[in-house]
Amino acid sequence: MAAIDKVKVIVVGDSGVGKSSLVQLICHGQTISNPSWTVGCSVEMKLHEYREGTQNQKTYFVELWDVGGSSSHRNTRSVFYNPTHGIILVHDLTNRKSEQNLQKWLAEVLNKEGNSKYKNHTFDDFDPEQFVGSTQIPILVIGTKVDMLEASRAHAQRRSATIAEECAADEIAVDNTEVRSLAAGSSSAVKLSRFFDKVIERRHHGRDSISPYVDRNNLSGRRPFSSPLSNPMSPLSTLSPLSGYSAYSAYSFKSAHNE
Ligand SMILES: Nc1nc2c(ncn2[C@@H]2O[C@H](COP(=O)(O)OP(=O)(O)OP(=O)(O)O)[C@@H](O)[C@H]2O)c(=O)[nH]1
Ligand SMILES: [Mg+2]
């Protein structure tokens, strides 16, 4: 059986916004009642049908790298960013600061993704519009805790332009405590699937792969990163490619969530 190609999507956002809950929902269609906070990074896998229903349909692995949002790990988490094939920016709809901080998260990932152009940018002078088109890294913005948002506040939240508008990225709002938030056929599920298709398109079918963000290692045709799956020593390598979902915490140390 031919190996299944994969892509790597980075999931970032402030601590407590709901990244791990979201990744569990995306990869396993389950909610987590009492998630522990993520120290380091936790990698979850999902099988995705690229261009489903067309003659180009093909199965890919999507690796979701759920990066712990705690600021105390800011200096070490950059190891998880290179390479990056797609970025999911997560904020808490009841916490406007968490949305404002998405600019910081985007700059952090893109800086560490090896693009010197933004190396010296401080967070304050970061302008996401510079990234539209030039990055080509597909971005998806996800607002969580929509269940906790009163209708009136939802309107208020939309006063200023959002990072999704500035980056011309798709945006979805979810309640991670409800499995039906990403029910098949829902607009959120369709946007998520379209985002994964874009990531795969650019990574495996890209026309101009010499973009500033191309995986450096891949210029020589080598595998862009040693995903746990490709490393025979990794517990993941024992996975049957047919397994629909698999959970693997590559770097996280689970501890009680200090709620
Ligand atoms: N009501 C509600 N609670 C949520 C939602 N998403 C996450 N939570 C809760 O928010 C808290 C934090 O969720 P996590 O998924 O651990 O957040 P995180 O972004 O992974 O946090 P770090 O690992 O510290 O970066 C938990 O108590 C979750 O149960 C949501 O959509 N609605
Ligand atoms: Mg987490």
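These are numbered notes on a predicted model of a protein with two ligands, written for a colleague who has the coordinates open.

1. Overall make-up. The secondary structure amounts to 6 helices and 7 strands. Along the sequence the elements come in the order β-α-β-β-β-α-α-β-α-α-β-α-β. The protein has 259 residues, and 49% of them count as buried.

2. Helix 1. This helix spans residues 19-28, and 10 of its 10 residues are buried. The buried set includes the polar or charged side chains of Lys19, Ser20, Ser21, Gln24 and His28, as well as Leu22, Val23, Leu25, Ile26 and Cys27. Gly29 follows the helix and has a positive phi, near 60°. Two residues of the helix, Lys19 and Ser21, recur in the point on ligand 1, and Ser20 recurs in the point on the metal.

3. Ligand 1, surroundings. There are 22 residues around ligand 1, and those that come nearest are Ser15, Lys19, Ser21, Asp147 and Asn176. By class, the shell divides into 5 nonpolar, 12 polar and 5 charged residues.

4. Ligand 1, polar atoms. Three distances deserve a check on screen. An oxygen atom of ligand 1 lies 2.6 Å from a side-chain N or O atom of Ser15. For Thr38 the partner is a polar backbone atom, 2.7 Å from an oxygen atom of the ligand. On the side of Asp147, a nitrogen atom of ligand 1 is 2.7 Å from an N or O atom in the side chain. On its own ligand 1 has 660 Å² of accessible area, of which the protein covers 90%.

5. Magnesium site. Ligand 2 is a magnesium ion, coordinated by OG of Ser20 and OG1 of Thr38 at 2.1 to 2.2 Å. Ser20 belongs to helix 1 and Thr38 to the loop between helix 1 and strand 2, so the two donors tie together parts that are 18 residues apart in sequence. Both residues are buried. Thr38 therefore appears twice in these notes, with its side-chain OG1 at the metal and with a backbone atom at ligand 1. Water is not among the atoms, so the site may look incomplete.

6. Strands 2 and 3. Strand 2 covers residues 41-50; 8 of these 10 residues are buried, so the strand is largely enclosed by the rest of the structure. Strand 3 (residues 58-67) pairs with strand 2 in the antiparallel sense, over 10 bridges. To find the register, start from Cys41, whose bridge partner in strand 3 is Val67.

7. Positive phi outside glycine. Most residues other than glycine have a negative phi. Arg51 is not a glycine, yet its phi is positive, about 50°. Arg51 sits in the loop between strand 2 and strand 3, and with 34% relative accessibility it counts as partly exposed. Ala168 also has a positive phi, near 50°. This residue is in the loop between helix 5 (163-166) and strand 6 (170-173). Ala168 has 59% relative accessibility and so counts as exposed, the threshold being over 50%.

8. Cis peptide. Most peptide bonds are trans. The bond that joins Asn82 and Pro83 is cis, with omega about 5°. Pro83 is located in the loop between strand 3 and strand 4 (86-92).

9. Other residues of the loop between strand 3 and strand 4. Is Arg77, in this loop, buried or exposed? Its relative accessible area is 3%, so Arg77 is buried, the limit being under 20%. The side chain of Arg77 makes a polar contact of 2.5 Å with the side chain of Glu108. Thr76 lies in the loop between strand 3 and strand 4 too, but its relative accessible area is 49%, and it is partly exposed. The C-alpha atoms of Thr76 and Phe195 are separated by 28 Å, and the two residues are 119 residues apart along the chain.

10. Points to check first. In the ligand region, look at Ser15 and its 2.6 Å distance to an oxygen atom of ligand 1, then at the magnesium donors Ser20 and Thr38. For the backbone, look at Arg51, Ala168 and the cis bond between Asn82 and Pro83.

Definitions and conventions. Residues are numbered from 1 along each chain as its sequence is written. Chains are lettered from A and ligands numbered from 1 in the order in which they are written. This is a predicted model: local features need pLDDT of at least 70, side-chain atom pairs count only at pLDDT 80 or more; totals for chains, interfaces and linings use all residues. Side-chain values use heavy atoms; hydrogens and water are left out. Buried means under 20% relative accessible area, exposed over 50%, partly exposed in between (1.4 Å probe, protein chains only). Helices (H or I, at least four residues) and strands (E, at least two) are DSSP runs, numbered from the N terminus. Two strands pair if DSSP finds at least two bridges between them. A residue is near a molecule or strand if one of its heavy atoms lies within 4 Å of it. A polar contact is a pair of N or O atoms within 3.5 Å; within protein, one must be able to donate a hydrogen and the other to accept it, and residues adjacent in sequence count only if both atoms are side-chain atoms. Accessible areas come from the Shrake-Rupley method with a 1.4 Å probe; for residues, only the protein chains shown count as cover. Donors are N, O and S atoms within 2.8 Å of the metal (3.2 Å for Na, K and Ca); water is not among the atoms, so sites may look incomplete.
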